[in-house]
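This briefing goes with the sequence and the 3D structure shown below. Look at them first, then read the notes, which are grouped by topic.

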Amino acid sequence: MEPNAVTKVVTDEIGITAKFMEDLKMFAFTKGIDLIEAVILFIIGYIICRYIRKAVEHILDRSSVDPSAKTFISEIIFFFCLAIVAIVALGTAGVAAGTLAAAFGGIGLAIGLGLKDNIGNVASGIFILIFRPFRVGDYIQVGGNQGTVTDIRIMYTLISTLGNQMIVIPNSSLINSVIKNYSAFDTRNLEFTFDVGYDTNLPECIALLKKLFAEDSYVLNKEDLPVYVSGMAESSIRIYVRAQVERTKYFDAQNELYIKVKEAFDKAGIDIPFPQVVVHRAKE
């Protein structure tokens with residue numbers, strides 16, 4: 001390359017760099033202060049939004065609002081306030097209102113397409129709060145998972161299992177699944193099927209079960225207690241009993257009644273058979 005050409009290239013590069021630095025200085029003089037103000041405004045606004053969320057949570061804790069809606073409402077208010085802060089901060093930075101509206105429209109469309117599943121979770125969360133198929137504190141089963149609902153949030157619901165494990169289920173999965181709510185009513189039914197031997201005196205056995213269940217303090221339907229023969233199995237006759245108990249005492253009642261029935265059967269000499277295999281040996 002000739003010396004004059006090298007000098008021209010170097011001069012052009014220096015000119016471009018100088019112009020860039022000049023433009024940068026001009027931008028700093030004209031927009032730098034606005035950007036700093038916007039950043040400071042956003043930080044202050046973010047802190048205020050957090051305080052607003054805590055204040056809303058405090059107000060909801062003292063109100064009669066359903067516990068399942070408290071976290072959801074506070075988070076919705078927080079993100080709404082944060083969106084307002086972001087708009088104000090961008091306006092302070094010098095972004096025109098029309099440009100800002102177009103930008104948010106485009107961003108909203110992109111977010112809607114990219115996060116459609118998450119938006120579905122939010123919509124499902126709102127559905128749960130409106131129609132209340134369950135609430136915080138209810139014991140539910142969804143698919144193969146069951147436990148106590150500890151929190152309902154914007155995107156997901158938290159369930160604590162009996163094994164002290166936390167299960168996080170997206171709200172859209174909850175709405176699209178069959179939900180079994182064990183806490184929907186104040187009482188629950190304990191269903192028993194007792195197998196007794198074929199040589200058992202069935203009327204006496206049924207009378208014994210009716211007496212035992214009627215005398216138990218957990219049983220609520222003493223006057224209308226279903227006790228009947230439900231089937232004849234390969235090695236036993238099955239007797240069905242359905243007892244109504246308080247929901248909060250379900251497992252205590254189940255434990256006590258099983259123990260009482262076993263002791264009563266043993267005392268009465270009622271056989272509880274188990275599967276057996278009888279082998280006949282041919283004569284030689």
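Setting aside neighbours within four places in sequence, Val241 is in contact with Leu190, Glu191, Phe192, Phe194, Leu209, Phe213, Leu225, Pro226 and Val227. The model is a predicted one. Val241 also belongs to the largest nonpolar core, which is the next topic.

**Nonpolar cores**

- The largest nonpolar core has 24 residues.
- Leu190, Phe194, Leu209, Phe213, Val241 and Phe265 are the residues with the most contacts inside this core.
- At least two residues of this core come from each of E6, H6, E8 and H7.
- The element that gives the most to this core is H7, with 6 residues.
- There is also a second, separate core of 10 residues, and among them are Val142, Val149, Ile167 and Ile169.
- As a general background, nonpolar side chains tend to be buried together in soluble globular proteins.

**Helix H7**

- Helix H7 covers residues 250-268, which is 19 residues.
- At 1.5 Å a residue this helix should span 27 Å, and its end C-alpha atoms are 27 Å apart, so the two values agree.
- Which residues of H7 are buried? They are Tyr250, Ala253, Leu257, Val261, Ala264 and Phe265.
- These buried residues lie on the same side of H7, because they cover an arc of only 95° around the axis.
- The other side of H7 carries the exposed residues Phe251, Asn255, Glu263 and Lys267.
- The buried residues of H7 pack against three elements: strand E6 (187-196), helix H6 (202-215) and strand E8 (237-246).
- Gly269 comes just after H7 and takes a positive phi of about 75°.

**The open sheet**

- An open sheet is made of 5 strands in the order E4-E3-E2-E1-E5, and its pairing is antiparallel.
- Strand E4 (166-170) and strand E5 (179-181) are the edge strands, so called because each pairs on one side only.
- On average, neighbouring strands of this sheet are turned by 40° against each other, with direction ignored.
- Strand E3 (residues 156-160) runs antiparallel to E4, and 5 bridges join the two.
- Which residue in E4 does Tyr156 stand opposite? Tyr156 stands opposite Pro170.

How values were computed. Residues are numbered from 1 along each chain as its sequence is written. This is a predicted model: local features need pLDDT of at least 70, side-chain atom pairs count only at pLDDT 80 or more; totals for chains, interfaces and linings use all residues. Side-chain values use heavy atoms; hydrogens and water are left out. Helices (H or I, at least four residues) and strands (E, at least two) are DSSP runs, numbered from the N terminus. The expected span of a helix is 1.5 Å times one less than its number of residues. Buried means under 20% relative accessible area, exposed over 50%, partly exposed in between (1.4 Å probe, protein chains only). The arc is that of the directions from the helix axis to the C-beta atoms. Contact means heavy atoms within 4.5 Å. A nonpolar core is a set of buried Ala, Val, Leu, Ile, Met, Phe, Trp, Tyr and Cys residues joined through side-chain atoms within 4.5 Å. Axes are lines fitted to C-alpha atoms, for helices over the stretch in contact, and angles run from 0 to 180 degrees between N-to-C directions.
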